[in-house]
Amino acid sequence: MNHVQETPDRPESPNGPDCDHRRPPGVDDKTVEALGALSKALETTERARGSLYAFHQLTGGADLELDRAVRLLREAGHPEWAEKIRAEILGRNVIPGHWTFQIVEAYNATYYRPFQQLESTVVAELAQGRDHLYEAQMKEERRTPGHPHHAACPPSPET
């Protein structure tokens with residue numbers, strides 16, 4: 001990919017990415033590509049974390065619905081089944097010793113937060129804290145100059 005870099009002859013304008021998304025001097029193509037891959041990996045981890053929260057909420061919702069099932073079974077004259085469900089499934093650990101909130105907490109502490117912090121440190125060290133350089137570069141290469149829906153930057157607050 002050809003890179004777009006902030007230079008004196010290319011000041012911040014609607015003809016190129018804003019300064020926050022321009023490649024700092026000295027950052028090479030491989031570094032931008034590597035940072036893009038790192039960002040993509042973190043974004044995938046964000047999605048996995050979202051799925052973990054969905055698992056947590058769905059499992060919790062199912063457990064709460066068991067209260068209703070137990071009540072209805074008692075009302076229908078099946079107290080033995082109501083008690084079996086209450087004793088065996090209601091409030092049961094999803095894996096030994098863990099409810100879903102504990103799985104979420106362990107994931108966050110053991111994997112997600114360290115990954116997030118390391119990615120932030122790498123971007124700060126290698127790209128002066130500028131996120132999404134790879135995507136901004138791709139956007140610039142794919143834009144149709146002058147097309148109203150291909151603007152380089154969002155409109156300024158004055159417009």
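**Cavities, a pocket and four helices**

Searching the whole structure turns up 2 cavities of 30 Å³ or more. The structure is a predicted model, and everything below should be read with that in mind. The chain itself is built from 4 helices and 0 strands, so, starting at the N terminus, the order of elements is simply α-α-α-α. Of its 159 residues, 21% count as buried.

The largest cavity holds about 80 Å³ of space. Its lining takes in V32, L35, G36 and S39, along with E119 and V123, and then R130, D131, H132, L133, Y134 and E135. Three helices, α1, α3 and α4, each put at least two residues into this lining, and α1 gives the most, with 4 residues. Sorted by class, the lining of the largest cavity comes out as 5 nonpolar, 3 polar and 4 charged residues. Two of the lining residues, E119 and V123, turn up again among the buried positions of α3.

Next comes the largest pocket, with about 200 Å³ of space. Two elements give two or more residues to its lining, namely α1 (29-75) and α3 (100-127). The biggest share, 6 residues, is from α1. In total 13 residues line the pocket, and those nearest its centre are T59, G60, D63, R92 and W99. The class breakdown here is 6 nonpolar, 5 polar and 2 charged. As a general point, rolling a probe the size of a water molecule over the atoms is what shows where empty space is left.

W99 deserves a closer look. This residue sits in the loop between α2 (79-88) and α3, and its relative accessibility of 37% makes it partly exposed. W99 and T59 are 40 residues apart along the chain, yet their C-alpha atoms are separated by 9.2 Å. Both residues belong to the group nearest the centre of the largest pocket.

R92, another member of that group, also takes part in a salt bridge. Its partner is E88, and the closest N and O atoms are 4.0 Å apart. E88 is partly exposed, at 40% relative accessibility. Across the whole structure, the search finds 7 salt bridges. Side chains of opposite charge can pair when their charged atoms come close.

Another of these pairs is R71 with E75, where the closest N and O atoms are 3.1 Å apart. Both residues lie in helix α1, 4 residues apart, or about one turn of the helix. An α-helix has 3.6 residues a turn, so residues three or four places apart point the same way. The two partners fall into separate accessibility classes: R71 is partly exposed, with a relative accessible area of 42%, whereas E75 counts as exposed at 57%. The cut-off for exposed is over 50%, which is why E75 at 57% makes that class and R71 at 42% does not.

A further salt bridge links E83 to R74, with the closest N and O atoms 3.5 Å apart. E83 is partly exposed, with a relative accessible area of 31%, and R74 is partly exposed too, at 39%. Shared partners tie R74, E83 and R86 together into one salt-bridge network.

What about the shape of α3? The helix has 28 residues, which at 1.5 Å a residue should span 40 Å, and its end C-alpha atoms are 37 Å apart, in agreement with that figure. Even so, α3 has a kink of about 45 degrees, centred on N108. N108 is itself one of the buried residues of the helix, a list that also holds T100, I103, V104, Y112, F115, E119, V123 and A127.

Just past α3, the loop leading to α4 (133-142) contains Q128. The phi of Q128 is near 55 degrees, a positive value in a residue other than glycine. Q128 counts as exposed, at 52% relative accessibility. H132 lies in the loop between α3 and α4 as well, and its phi is likewise near 55 degrees, positive in a non-glycine residue. H132 is partly exposed, with a relative accessible area of 38%, and is also among the residues lining the largest cavity.

Technical notes
Residues are numbered from 1 along each chain as its sequence is written. This is a predicted model: local features need pLDDT of at least 70, side-chain atom pairs count only at pLDDT 80 or more; totals for chains, interfaces and linings use all residues. Side-chain values use heavy atoms; hydrogens and water are left out. On a 1 Å grid over the protein atoms alone, a cavity is a set of points where a 1.4 Å probe fits but cannot get out, and a pocket is an open set with protein on both sides within 12 Å along at least five of seven lines; lining residues have an atom within 4 Å of a point. Grid points are joined across faces, edges and corners, and a volume is the space filled by probe spheres set on the points. Ala, Val, Leu, Ile, Met, Phe, Trp, Tyr, Cys and Pro count as nonpolar, Asp, Glu, Lys and Arg as charged, and the others, Gly among them, as polar. A salt bridge is a side-chain nitrogen of Lys or Arg within 4 Å of a carboxyl oxygen of Asp or Glu. Buried means under 20% relative accessible area, exposed over 50%, partly exposed in between (1.4 Å probe, protein chains only). The expected span of a helix is 1.5 Å times one less than its number of residues. The bend at a residue is the angle between axes fitted to the seven residues ending there and the seven starting there.
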